[in-house]
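Hi there,

Here is the structure I promised to pass on. Have a look at it first, and my notes follow right below.

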Amino acid sequence: MTELTGPRMYSCYKCRNPVSRHDDIVSKGFQSSSGRAFLFSHAMNIVEGVKEDRHLLTGLHTVADVYCSDCGEMLGWKYERAYEESQKYKEGKIVLEKFKIVKENW
């Protein structure tokens with residue numbers, strides 16, 4: 001049996017660049033246009049795209065797409081601003097699409 005080293009992580013499915021820690025998951029109940037997605041409090045090794053206003057399922061938000069810093073694959077988006085009070089908890093958090101990330105150290 002292999003011993004696990006370090007925290008449970010999620011990595012880019014294309015190049016295995018680590019992008020977030022399992023402990024940073026805020027919610028697993030998010031939806032993207034392509035299926036399930038997870039909301040993370042922090043992400044690493046990502047590059048943010050241009051900020052833009054988008055009408056999402058929960059209303060108007062300012063978001064920026066996020067990309068893997070190694071291979072450039074689009075992984076999800078970051079909430080920059082929520083216009084509705086009930087959605088403010090998302091500000092500064094990152095959504096990563098489930099099919100774009102793989103588990104490491106599980």
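Strand E3 gives the lining of the largest pocket its largest share, with four residues. Please keep in mind that this is a predicted model. E3 (25–32) has company there: strand E5 (46–56) and strand E7 (74–82) also supply at least two residues each to that lining. In total, 15 residues line the largest pocket, and those nearest its centre are Gln31, Ser32, Leu56, Trp77 and Tyr79.

If you are thinking about the chemistry of this pocket, its lining is mixed: six residues are nonpolar, five are polar and four are charged. And how much space lies in the largest pocket? The value comes to about 260 Å³.

Now to another part of the model, an open sheet. Three strands build this sheet in the order E2-E1-E9, and their pairing is antiparallel. Strand E2 (18–21) and strand E9 (101–104) are at the edges; each has a single partner strand, so one side of each has no neighbour in the sheet. On average, neighbouring strands here are turned by 35° against each other, direction ignored.

For a closer look at one pairing, go to strand E1 (residues 9–12) and E9: the two run antiparallel and are joined by four bridges. Which residue in E9 does Tyr10 stand opposite? That residue is Lys103. As background, strands of a sheet pair through backbone hydrogen bonds, and they can do so in parallel or antiparallel fashion.

Happy to talk it through whenever it suits you.

Best wishes

Conventions. Residues numbered from 1 in each chain as written. Predicted model: local features only at pLDDT ≥ 70, side-chain atom pairs only at ≥ 80, totals over all residues. Heavy atoms only, no water. Pairing = 2+ DSSP bridges. Axes fitted to C-alpha atoms, helices over the stretch in contact; angles between N-to-C directions. 1 Å grid on protein atoms, 1.4 Å probe; cavity = no way out; pocket = protein on both sides within 12 Å on 5 of 7 lines; lining within 4 Å. Points joined across faces, edges and corners; volume = space filled by probe spheres on them. Nonpolar A, V, L, I, M, F, W, Y, C, P; charged D, E, K, R; others polar.
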